[in-house]
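Hello,

Here is the structure I promised to pass on. Please have a look first, then read my notes below.

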Amino acid sequence: MQVDFYHLTQLPLERALPRIAERVVAGGGRLLVVAEHEEARQALDRCLWAYAAESFLPHAQAGGPGDARQPVLIAGDIQPTNGARNIALADRLWRDGALAFERAFHFFDDERIVEARQAWRTLADRTDVSRRYWKQGESGRWEQAA
């Protein structure tokens, strides 16, 4: 199980998440995007439809009849009804339920850095978890820092 910690310092989530989702889908995977609040899920839905004019990323919000067919599903909880083995924690909150997936993408900003550091430390003791920490360089590109 791999957990990638993405520290948002320059690019907002709305620019970082779609690129991760594209890579997961391009590799044949499925992604569950979790955000607790309805307003956040709606914003993510709009973002994934319109983030780049040249791209199309099929997705839906959870709760519809076609959930199982969606490569990217936006949900309020950790229920991968689309069969996802990858999870993106898009509301900056770590959830231990993410450890049931093959790969987790934990996005956080400076407001949630204390909680992210706690999750990082907690996962350090687990031999079944590989952790990576990504930060944004001055150019906005992701750089692996740990």
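From the N terminus on, the order of elements in the protein chain is β-α-β-α-β-β-β-β-α-β-β. That gives three helices and eight strands. Please keep in mind that this is a predicted model.

**Overall form**

The protein chain has 146 residues and a radius of gyration of 14 Å. A compact globule of that length would come out near 15 Å, so the chain agrees with the globule rule. Along the principal axes, the C-alpha atoms fill a box of roughly 40 × 35 × 30 Å. Buried residues account for 45% of the 146. I also looked at contacts between residues at least 6 apart in sequence: 61% of them join residues at least 24 apart.

The exposed surface comes to about 7,700 Å². Carbon and sulfur atoms supply 47% of that area. On charge, the chain carries 19 positive and 21 negative charges. Their mean positions lie 4 Å apart.

**The strand pairings**

I started with β2, residues 31-34. What does β2 pair with? Strand β4, residues 72-75, runs parallel to β2 and is joined to it by four bridges. β5 also pairs with β2 in the parallel sense, again over four bridges.

L32 shows both pairings. L32 stands opposite L73 in β4. L32 also stands opposite I87 in β5. Two further partners fill in the register: V34 has A75 as its bridge partner in β4, and L31 has N86 as its bridge partner in β5.

The pairing continues beyond these strands. Strand β3, residues 59-61, pairs with β4 in the parallel sense over three bridges. There, Q61 has I74 in β4 as its bridge partner. β5 pairs with β6, also in the parallel sense, over four bridges. L89 stands opposite H106 in β6.

Taken as a chain of neighbours, then, β3 pairs with β4, β4 with β2, β2 with β5, and β5 with β6.

**Cover on both faces**

In a regular strand, side chains alternate between the two faces of the sheet. Which residues fill the two faces here?

- β2: L31 and V33 lie on one side, L32 and V34 on the other, and all are buried.
- β4: V72 and I74 lie on one side, L73 and A75 on the other, and all are buried.
- β5: N86 and A88 lie on one side, I87 and L89 on the other, and all are buried.

Both faces are therefore covered in β2, as the under 20% cut-off for buried is met on each side. Both faces of β4 are covered as well, and so are both faces of β5. Note N86 in the β5 list: N86 is buried and is the bridge partner of L31.

**Three residues to look at**

*H106.* This residue is found in strand β6. Is H106 buried or exposed? H106 counts as buried, because its relative accessibility is 1%. Leaving aside neighbours within four places in sequence, H106 is in contact with D4, F5, Y6, L89, R92, L93, W94 and A116. One of these, L89, is also the residue opposite H106 in the β5 and β6 pairing.

*R92.* Another contact of H106 is R92. R92 is placed in the loop between β5 (86-89) and β6 (103-108). What is the phi of R92? The phi is positive, about 70°, although R92 is not a glycine. Most residues other than glycine have a negative phi. R92 counts as partly exposed, because its relative accessible area is 22%.

*R30.* This residue is found in the loop between α1 (13-26) and β2. R30 counts as partly exposed, because its relative accessibility is 29%. Leaving aside neighbours within four places in sequence, R30 is in contact with V24, A68, R69, Q70, P71, N82, G83, A84, R85 and N86. How far apart are R30 and Y6? They are 24 residues apart in sequence and 19 Å apart in space, C-alpha to C-alpha. Y6, for its part, is among the contacts of H106.

Best wishes

Conventions:
Residues numbered from 1 in each chain as written. Predicted model: local features only at pLDDT ≥ 70, side-chain atom pairs only at ≥ 80, totals over all residues. Heavy atoms only, no water. Helix = DSSP H or I, 4+ residues; strand = E, 2+ residues; numbered from the N terminus. Rg over C-alpha atoms; globule rule 2.2 N^0.38 Å. Buried < 20%, exposed > 50% of the residue type's maximum accessible area, 1.4 Å probe, protein only. Contact = heavy atoms within 4.5 Å. Areas by Shrake-Rupley, 256 points an atom, 1.4 Å probe, with all protein chains shown as cover. Lys, Arg positive; Asp, Glu negative; His and termini not counted. Charge placed at Lys NZ, Arg CZ, Asp CG, Glu CD. Pairing = 2+ DSSP bridges.
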